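Trainee: I've got a fresh model open and I'd like to talk it through with you. Could we go from the overall picture down to single residues?

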Amino acid sequence: MKKVCIVGASGKLGQYMVQQALDLGYEVVGVCRQKSVGKLDAFKDRITIIPGATNNPEIIKQAVAGCDGILTVLVPWGMQQYSSGTAQAVMEYAAPKARLIFSCGWHITMDGKDIYSSSFTLLIKVITWLARLIRVVDIDDQVVACRQIFASKTQWTVVRGSGLEEGESQGLPVWSRHIGDPILKSNITRRIDFALFMVSALENDKLIHEAPAIVGCKTPSAIAAETVA
Ligand SMILES: NC(=O)c1ccc[n+]([C@@H]2O[C@H](COP(=O)([O-])OP(=O)(O)OC[C@H]3O[C@@H](n4cnc5c(N)ncnc54)[C@H](OP(=O)(O)O)[C@@H]3O)[C@@H](O)[C@H]2O)c1
C-alpha cells in the first residue's frame, strides 16, 4: 500500500486518519468541502487536498486515481443522497483491487443478525425521525449506502463505530460481527482508535467483506471478554 485517499479528511475522524496514514508513510490525498480546507492547514505541505463535495463523482474520480486504498467517512448530511452518492462514486472510480474502508455506526446491519437493545432502537428511530423532519440529516441514506457496499464486488470493509469519545489512544479496538455480543456491551470507543481501526484495515485482508462492530480495547466489556477467553 503506497497511496491512500481519505474522503471526508477535514472532519474529526478524517484528521486522525490523515495523521495515522502519514505516520505509516503513505502518500495521502484528502477530499473535503471547499469551506473546510483550512481545517487541514496542519497537513497542507504533506498531503494533496482536493476540495469538493464527497458525492461529486468528478471530484472522487480525480481524488482516487492511482490510490491503493480509500478511507471514506460516510455521513448522511442533507437530503440529496450524500452517503449513497459518496459510496457509489468511490466504488465506481476506485481501482478494482483497491481496499475500500467505510465508516458508519452500529445501527447498520449487514445480515440482520445484530441484536439491539430496545433503548438503542428507540434512540435511532427518534434521531432518524427528527433529523428527517428538519431535513438536515437522512440517516436512512447511510443505510442505503451500506446496502450498496455490501452488494458490491469491491474489496470493501464497513467499520461500524460504537458511541465515541475523545482522548488519547488506547490501542486497536476489538470487534465482533454482531451487536449483542457481550464484548461490545460497553459501547464506547476513542475516536482516535476508530481511525486506527480504519487505517489498519487497509492492510488486513481478513476484514475484506466484513462489517466489524468495534469497541475500545480497554473498555470493561472488552477486558471481561479477554478474561473469559
Ligand atoms: N458521532 C458519533 O457518535 C458516531 C458514532 C458511531 C459512528 N459514527 C460514525 O463515525 C463517522 C464520523 O462521524 P463523526 O460524528 O465522528 O464526525 P466527523 O468525523 O467530524 O465527520 C463529519 C464529516 O461530515 C462532514 N460534514 C459536516 N457537515 C456537513 C454538511 N452540512 N454537508 C456535508 N458534509 C458535512 C464534515 O466535513 P467538514 O469538515 O467539511 O465539516 C466531516 O467530513 C461517521 O461515519 C459516523 O457515522 C459516529
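Mentor: Sure, and let's fix one term before we start: a residue is buried if 20 or more other C-beta atoms lie within 10 Å of its own. Keep in mind that this is a predicted model.

Trainee: With that cut-off, how many of the 7 residues of E6 are buried, and what does that say about the strand?

Mentor: Strand E6 covers residues 155–161. It is largely enclosed by the rest of the structure, because the count of buried residues in E6 is 6 of the 7.

Trainee: Which strand pairs with E6, and over how many bridges?

Mentor: Look at Gln155 in E6: Arg99 stands opposite. Arg99 belongs to E5, which spans 99–105. The two strands run parallel, so to speak side by side, and the partner of E6 is E5, joined by 7 bridges.

Trainee: Is E5 mostly covered or mostly open?

Mentor: Count the buried residues again: E5 has 6 of its 7. That makes E5 mostly covered.

Trainee: What does E5 form together with E4 and helix H3?

Mentor: Start with the strands: E4 (residues 69–73) and E5 pair in the parallel sense over 5 bridges. Leu71, for one, has Ile101 in E5 as its bridge partner. Add helix H3 (residues 82–93), and the three elements make a right-handed β-α-β unit.

Trainee: Which other elements make a right-handed β-α-β unit?

Mentor: Go to strand E1 (residues 3–7), which is joined to E2 by 5 bridges, with the two running parallel. Within that pair, Val7 stands opposite Val31 in E2. Put helix H1 in with them and you have the unit: E1, H1 and E2.

Trainee: What else does E2 pair with, and how many bridges are there?

Mentor: Gly30 stands opposite Ile49 in E3. E3 takes in residues 48–51 and runs parallel to E2. The partner is E3, and the number of bridges is 4.

Trainee: Why is E2 described as largely enclosed?

Mentor: It's the burial count once more, over residues 27–32. E2 is largely enclosed by the rest of the structure because the buried share is 5 of the 6 residues.

Trainee: Let's move to the ligand. Which elements give two or more residues to the shell around it?

Mentor: The ligand is surrounded by 23 residues, and the closest are Ser10, Gly11, Leu13, Ser36 and Gly161. The elements that give two or more residues to that shell are helix H1 (12–23), strand E5 (99–105) and strand E7 (163–165).

Trainee: How does the shell around the ligand split by class?

Mentor: Picture the side chains sorted into nonpolar, polar and charged. For the shell around the ligand, the split is 9 nonpolar, 10 polar and 4 charged.

Trainee: Is Gln20 buried or exposed?

Mentor: Gln20 lies in helix H1. Within 10 Å there are 20 other C-beta atoms, so Gln20 is buried.

Trainee: Which residues is Gln20 in contact with, leaving aside its neighbours within four places in sequence?

Mentor: A clue comes from Ser200, which is 180 residues from Gln20 in sequence but 9.3 Å away in space, C-alpha to C-alpha. The contacts of Gln20 beyond its sequence neighbours are Ala195, Leu196 and Val199.

Trainee: How many of the 11 residues of helix H6 are buried?

Mentor: Those three contacts are among the buried residues of H6, as are Ile192, Phe194 and Phe197. H6 runs over residues 191–201 and is largely enclosed by the rest of the structure, because its buried count is 9 of the 11.

Trainee: How far is Trp175 from Phe197, C-alpha to C-alpha?

Mentor: Trp175 lies in strand E8 (residues 174–176). Trp175 counts as buried, because it has 23 C-beta neighbours inside 10 Å. Phe197 is 22 residues away along the chain, and the separation of the C-alpha atoms is 9.6 Å.

Trainee: Last one: what is the radius of gyration of the protein?

Mentor: The protein has 7 helices and 10 strands. It is as compact as a globular protein of 229 residues, because its radius of gyration is close to what the globule rule gives, and that radius is 17 Å.

How values were computed:
Residues numbered from 1 in each chain as written. Predicted model: local features only at pLDDT ≥ 70, side-chain atom pairs only at ≥ 80, totals over all residues. Buried ≥ 20, exposed ≤ 12 C-beta atoms within 10 Å, placed from the backbone. Near = placed C-beta within 6 Å. Nonpolar A, V, L, I, M, F, W, Y, C, P; charged D, E, K, R; others polar. Pairing = 2+ DSSP bridges. Right-handed = clockwise from strand over helix to strand, strands pointing away. Rg over C-alpha atoms; globule rule 2.2 N^0.38 Å. Contact = placed C-beta atoms within 7 Å.
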